[in-house]
Every structure is written in C-alpha cells, then in structure tokens.
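Ready to get to know a new fold by working through a few exercises? Grab a pencil and look at the picture before reading each solution.

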Amino acid sequence: MTAGGADIVAKTPHNPIEAGAPPADDVRRSGAGVDPSEVAPTEGRLVMLEGPPSGVQSSLARAVVVANDHLGDRYWRMQLSAPDIAGNTQPGQFVMLTVTPSGPSNWVLPRPMAVADRDVARGTIDVVYGTHGWGTRQMAGIGTGDELTVVGPQGNGFRLDPGTKHLLVVGRGIGLCSLSLLAVAASKRGMAVSAVLSARDREANVLVPFFEAVPNAKVLAVLDADGSSDPEALGPRLQALLDEVPAQQIATCGSRRLLRMCAALAVRTGASLQVALEAHMACGMGYCHGCSAWVQGADQEGPLVCRDGPVFAWSAPGR
Ligand SMILES: Cc1cc2nc3c(=O)[nH]c(=O)nc-3n(C[C@H](O)[C@H](O)[C@H](O)COP(=O)(O)OP(=O)(O)OC[C@H]3O[C@@H](n4cnc5c(N)ncnc54)[C@H](O)[C@@H]3O)c2cc1C
Ligand code: FES
C-alpha cells in the first residue's frame, strides 16, 4: 500500500543506512525519530521504503493559530488552520514551521514538526512539541490568532500493509507524535493496534489521552520513573504480547534502545519494522542536503531524511 499520491521522481529504492547498536543513553533530545548519525552498523540496516513516496502535495500556507495549549511539563500542543495540509497529510509526515519574523532576532530557519493529529473537516492540524531551544521556546509564546508560515506535508510517511491485522507501535517522548496518525489510520482499517508509550514520567507522557481515544487501540504506558520503560523489562513483556496476538507490523520512533528492542522482536516474530528518523533540517524539502543520512563506508551521499524519509524500513541482517 502506498501512503498517498506520488509525484516526485522515484529515488534509489535501497540506499542503505546501516542501523544498529551504539552504546546508548536513549533519552532523546527533544525531537521525533532516531538521529541517523547515532545509528551504527551491526544489527541490520535501514533502507528506503519501497513503492511510490507519500503524497507530495506540499503547500505553503500562512496558518492561523487556533490554539496553543500547555499540556504540562515542557510540552505544548499547537493547533493550526491549514486545510490543504490537513487534507493531504499521511502518517509520519511532518511540516516545517516558521514564526513570522519580527524584531532583532528573526527566526530564519523553519523547524520540523510531525503532524500529530489532523481534522480534515475543520481544516486543522495539531503539532505537539517540547520546548527545547530558541525556536520552540518562541512557539510556546505564540497566541491564538497569530500566524505562522507552514510548509507541508513533507517527507515519506509510514506504509500500512493491507495484510496487517495487528500493528505494534512503540514510541518514546515527543517521537510518539510521528506515530499517532499511524495508529488512527490502522484503526480505521479495522486493524488492532497496540501502542507502547514510553516517557520519563507520567507528566511527560503527554500523548496517552490521544492514543487511548483511538478505537481498537490497547495502550501500554511505560515510564523511566518506575523502570517499566527499560527495554530489558519491556522486551519480554512485548514478546509475550506478540506470542499471544502476533503483529505483522511494528513501527517505532524516538529511541535507539527501543529501535534495537523492536528489531529483536521483528527478527523473532517475523514482523516487518519501520522507523521514523530524526535529523537536523534547514530546508526540509531536499534542497540543502543538510539532513543526509550517514552511510558507513559509502562514498556517496546517504538518503535525505527530509525527502527520502523520515520513515525508513528496517531490514534484518542477511535479508
Ligand atoms: C521529521 C521531524 C519531526 C519532528 N517532530 C517533532 C515534534 O512533533 N515535536 C517536537 O517537539 N519536536 C519534533 N522534532 C524536533 C524539532 O524539530 C526540534 O526539537 C526543533 O527543531 C528544535 O528547535 P529549537 O529552535 O527549539 O532548538 P535549537 O537547538 O535552538 O534549534 C536550532 C536549529 O537546529 C535544528 N535542530 C535542533 N534540534 C533538532 C532536532 N532534535 N531535530 C531536528 N533539528 C533540530 C533546528 O532545525 C534549528 O534550525 C522533529 C524533528 C524532525 C526531523
Ligand atoms: S533538510 Fe534540506 S535537504 Fe533535508
């Protein structure tokens, strides 16, 4: 299945990004996905998704802020009026947000943000963000009725296999924003969804209400605070779940350690695995090549996370 209409030129279908196992503190910075510069070879590799890319009916809009609510801790949810983007976004795609320049410290570079939710009828999209550096702190100060420049939807999103009966999504922190629309899409197609939501503590697990509202979704919130997020404990728990109800697809975002755990589950159960990566992005649309993924030993540029990803397929060793 493809995630949407596809107009961009097909790209090298199997440009490998070696994936695997650096020693890791997996607590991510603030973003979604897994930073490709932090994955190293040994345990399989990431490859570009097969098939036509997600829809690229990307548009630039001056979007009015409908709401910008503090969710707790350092997390905020911003709702924007952007009907074209709401109508075209596929799970895992993102937007580039630019605050209207004003004053001496103009915000030049846009910031990539996953589309965490959308309402096609109302023409709105939601981004959930954590305040991190200058740009996201500025976002937190934006009020209802203000305007932002939004470009999107960008990138290649997740693909749902029509044969999937049970989807396991495993995300951490703000990385869960890249998985939320995937859970909705799977549920709408009648698939069972198991959602593992990992965070530092209860207050930081801000996407729990969203996933709990997805029909057919079983939510497992796991926390650093009580040790339940530790892959050493979580892996066997999920293995038992998959022994009982096999999943045909696993999708993950937000943590190297969870990616490794999901890769092990995929090998043991035969499920396919997709992962949303993170990269620093300047343009978000394939021009600057600043987000090129690292390819070990390659003498060529890796795929662009913004254009070829951010979602990649994980391929088991030897496949
Ligand atoms: C595809 C994608 C989806 C994302 N979705 C979300 C989301 O839904 N919610 C959320 O809170 N964050 C998300 N992020 C991360 C978010 O873009 C960064 O946290 C944000 O750009 C930081 O901006 P800043 O001005 O606060 O930080 P600063 O450090 O001041 O930013 C400086 C510059 O570095 C870049 N940069 C810094 N950190 C990151 C980072 N972690 N990833 C990418 N670029 C970075 C910014 O683009 C900016 O130009 C996503 C990132 C990507 C690549
Ligand atoms: S961010 Fe410019 S090419 Fe990807």
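Below are four exercises on this predicted model, each with a worked solution.

**Exercise 1. Getting an overview**

Work out how many helices and strands the protein chain has, and what share of its residues is buried.

Step 1: Go through the secondary structure of the protein chain, and you get six helices and 15 strands.

Step 2: Turn to burial: 49% of the 319 residues count as buried.

Step 3: Now look at contacts in the chain between residues at least 6 apart in sequence; 73% of them join residues at least 24 apart.

**Exercise 2. Checking helix H5**

Compare the expected span of helix H5 with the distance between its end C-alpha atoms, then find out which way its buried residues face.

Step 1: H5 covers residues 231-244, which is 14 residues, and at 1.5 Å a residue it should span 20 Å.

Step 2: The end C-alpha atoms of H5 are 19 Å apart, which agrees with that expectation.

Step 3: List the buried residues of H5: Pro231, Leu234, Leu238 and Leu242. They cover an arc of only 70° around the axis, so they sit on the same side of H5.

Step 4: Here's the general rule behind such a pattern: an α-helix has 3.6 residues a turn, so residues three or four places apart point the same way.

Step 5: Check what the buried residues of H5 pack against: strand E11 (192-199), strand E12 (217-223) and helix H6 (256-269).

Step 6: Flip to the face of H5 turned away from its buried side, and you'll find the exposed residues Glu232, Ala233, Pro236, Ala240, Asp243 and Glu244.

**Exercise 3. Partners of strand E3**

Find the strands that pair with E3 (59-72), and say in which sense they pair.

Step 1: Start with E4 (residues 75-81), which pairs with E3 in the antiparallel sense over seven bridges. In this pairing, Ala67 has Gln79 of E4 as its bridge partner.

Step 2: Look at the link between E3 and E4: they form a hairpin with two residues between them, and Asp73 in the turn has a positive phi of about 50°.

Step 3: Move on to E9 (residues 147-154), which is antiparallel to E3 and joined to it by six bridges. Val64 stands opposite Glu147 in E9.

**Exercise 4. Placing Gln57**

Is Gln57 buried, partly exposed or exposed?

Step 1: Locate Gln57 in the loop between strand E2 (45-48) and strand E3.

Step 2: Count the neighbours: Gln57 has 16 other C-beta atoms within 10 Å. A buried residue needs 20 or more and an exposed one has 12 or fewer, so Gln57 is partly exposed.

Step 3: Compare sequence with space: Gln57 and Ile85 are 28 residues apart in sequence, while their C-alpha atoms are 8.3 Å apart.

Methods. Residues are numbered from 1 along each chain as its sequence is written. Chains are lettered from A and ligands numbered from 1 in the order in which they are written. This is a predicted model: local features need pLDDT of at least 70, side-chain atom pairs count only at pLDDT 80 or more; totals for chains, interfaces and linings use all residues. Helices (H or I, at least four residues) and strands (E, at least two) are DSSP runs, numbered from the N terminus. The expected span of a helix is 1.5 Å times one less than its number of residues. The arc is that of the directions from the helix axis to the C-beta atoms. Two residues are in contact if their C-beta atoms, placed from the backbone, lie within 7 Å. Two strands pair if DSSP finds at least two bridges between them.
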